[in-house]
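Q: Please take a close look at the aromatic side chains of this model and at what lies around them. I would like the pairings, the surroundings and the exposure in one connected account.

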Amino acid sequence: QVQLVESGGGLVQPGGSLRLSCAASGPISGVTVRAWYRQAPEKERELVAYILVGGSVYYADSVKGRFTISRDNAQNTVYLQMNSLKPEDTAVYYCNVRSGTWYWGQGTQVTVSS
């Protein structure tokens with residue numbers, strides 16, 4: 001079973017930056033998509049970005065130009081670099097991988113506030 005461990009969340013002022021990390025372990029050779037989702041209070045979980053096994057990436061319109069998803073295959077880690085953060089980016093961010101089955105990390109809180 002794939003296990004995911006996220007890190008890098010925290011409190012940041014508007015305009016600031018954070019980098020989230022998601023380290024994967026287990027049978028990840030069949031993973032085709034690695035993604036980040038987020039869920040704000042009283043809202044549904046939404047897709048933020050994903051990267052395909054071939055390297056193609058996707059971003060939600062709300063984060064395009066501010067967030068960057070990347071990966072380190074040697075470390076089995078995916079990153080989400082978040083710049084120019086806004087209060088509306090406040091949410092719990094979840095790492096997700098897909099290999100027929102969807103796996104989720106435990107979530108990491110990101111709070112953007114002055």
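What follows starts with the aromatic rings and then moves on to their surroundings.

A: Happy to take you through it. Please keep in mind that this is a predicted model.

There are four aromatic pairs in the structure. One of them joins Tyr-50 and Tyr-58, whose rings are stacked, with 5.1 Å from centre to centre and an angle of 20° between the planes. That angle is why the pair counts as stacked and not as tilted, since stacking asks for planes under 30 degrees apart. Neither partner is buried: Tyr-50 has a relative accessibility of 24%, so it counts as partly exposed, and Tyr-58 is also partly exposed, with 35%. Another pair brings together Trp-102 and Trp-104, and here the geometry is tilted, with 6.2 Å between the ring centres and 40° between the planes. Both of these tryptophans are partly exposed as well: Trp-102 has a relative accessibility of 44%, while the value for Trp-104 is 34%.

The two tryptophans have further aromatic company, for Tyr-37 joins Trp-102 and Trp-104 in one aromatic cluster. Two arginines also sit over rings of this cluster. Arg-45 lies over the face of Trp-104, 4.6 Å from the ring centre. Over the face of Trp-102 you will find Arg-98, at 4.1 Å from the centre of that ring. Each tryptophan of the tilted pair thus has an aromatic partner and an arginine over its face, namely Arg-98 for Trp-102 and Arg-45 for Trp-104.

From these partly exposed rings we can turn to the buried interior. The largest nonpolar core consists of 30 residues, and Trp-36, Leu-80, Met-82 and Tyr-93 are the ones with the most contacts inside it. At least two residues of this core come from each of strand E3 (18-25), strand E5 (46-52), strand E7 (67-72), strand E8 (77-82), strand E9 (91-98) and strand E11 (108-112).

Ile-69 is a handy place to see how the two parts of the story connect. This isoleucine belongs to strand E7 and is buried, with a relative accessible area of 5%. Beyond its neighbours within four places in sequence, Ile-69 touches Arg-34, Trp-36, Ala-49, Tyr-50, Ile-51, Val-57, Tyr-59, Val-78, Tyr-79 and Leu-80. Among them are Tyr-50, already met as a partner in the stacked pair, and Trp-36 and Leu-80, two of the residues with the most contacts inside the core. By contrast, the C-alpha atoms of Ile-69 and Ser-113 are separated by 23 Å, with these positions 44 residues apart along the chain.

Trp-36 comes up once again beside Ser-21. This serine lies in strand E3 and has 16% relative accessibility, so it counts as buried under the 20% limit. Setting aside its neighbours within four places in sequence, Ser-21 is in contact with Val-5, Glu-6, Ser-7, Trp-36, Thr-77, Val-78 and Tyr-79. Val-78 and Tyr-79 are also among the contacts of Ile-69.

Some of the same strands take part in the largest pocket, which has a volume of about 220 Å³. Its lining has 16 residues, and Ile-28, Val-31, Arg-34, Arg-71 and Asn-73 lie nearest the centre. Strand E4 (33-39), E5, E7 and E8 each supply at least two residues of that lining. Arg-34, one of the residues nearest the pocket centre, is also in contact with the buried Ile-69.

A few loop residues complete the picture. Pro-87, in the loop between E8 and E9, is partly exposed at 45%. Apart from neighbours within four places in sequence, Pro-87 is in contact with Pro-14 and Val-112, and its C-alpha atom is 7.4 Å from that of Thr-111, 24 residues away along the chain.

If you check backbone angles, two other positions deserve a glance. Most residues other than glycine have a negative phi. Glu-42, however, has a positive phi of about 65°; this glutamate is in the loop between E4 and E5 and is exposed, with a relative accessible area of 87%. Asn-76 has a positive phi too, of about 50°. This asparagine is in the loop between E7 and E8 and is partly exposed, at 30%.

Conventions:
Residues are numbered from 1 along each chain as its sequence is written. This is a predicted model: local features need pLDDT of at least 70, side-chain atom pairs count only at pLDDT 80 or more; totals for chains, interfaces and linings use all residues. Side-chain values use heavy atoms; hydrogens and water are left out. Rings of Phe, Tyr and Trp (its six-membered ring) pair if their centres lie within 6.5 Å; planes under 30 degrees apart count as stacked, over 60 as edge-to-face and the rest as tilted. Buried means under 20% relative accessible area, exposed over 50%, partly exposed in between (1.4 Å probe, protein chains only). A charge sits over a ring if NZ of Lys or CZ of Arg is within 6 Å of the ring centre and within 35 degrees of the ring normal. A nonpolar core is a set of buried Ala, Val, Leu, Ile, Met, Phe, Trp, Tyr and Cys residues joined through side-chain atoms within 4.5 Å. Helices (H or I, at least four residues) and strands (E, at least two) are DSSP runs, numbered from the N terminus. Contact means heavy atoms within 4.5 Å. On a 1 Å grid over the protein atoms alone, a cavity is a set of points where a 1.4 Å probe fits but cannot get out, and a pocket is an open set with protein on both sides within 12 Å along at least five of seven lines; lining residues have an atom within 4 Å of a point. Grid points are joined across faces, edges and corners, and a volume is the space filled by probe spheres set on the points.
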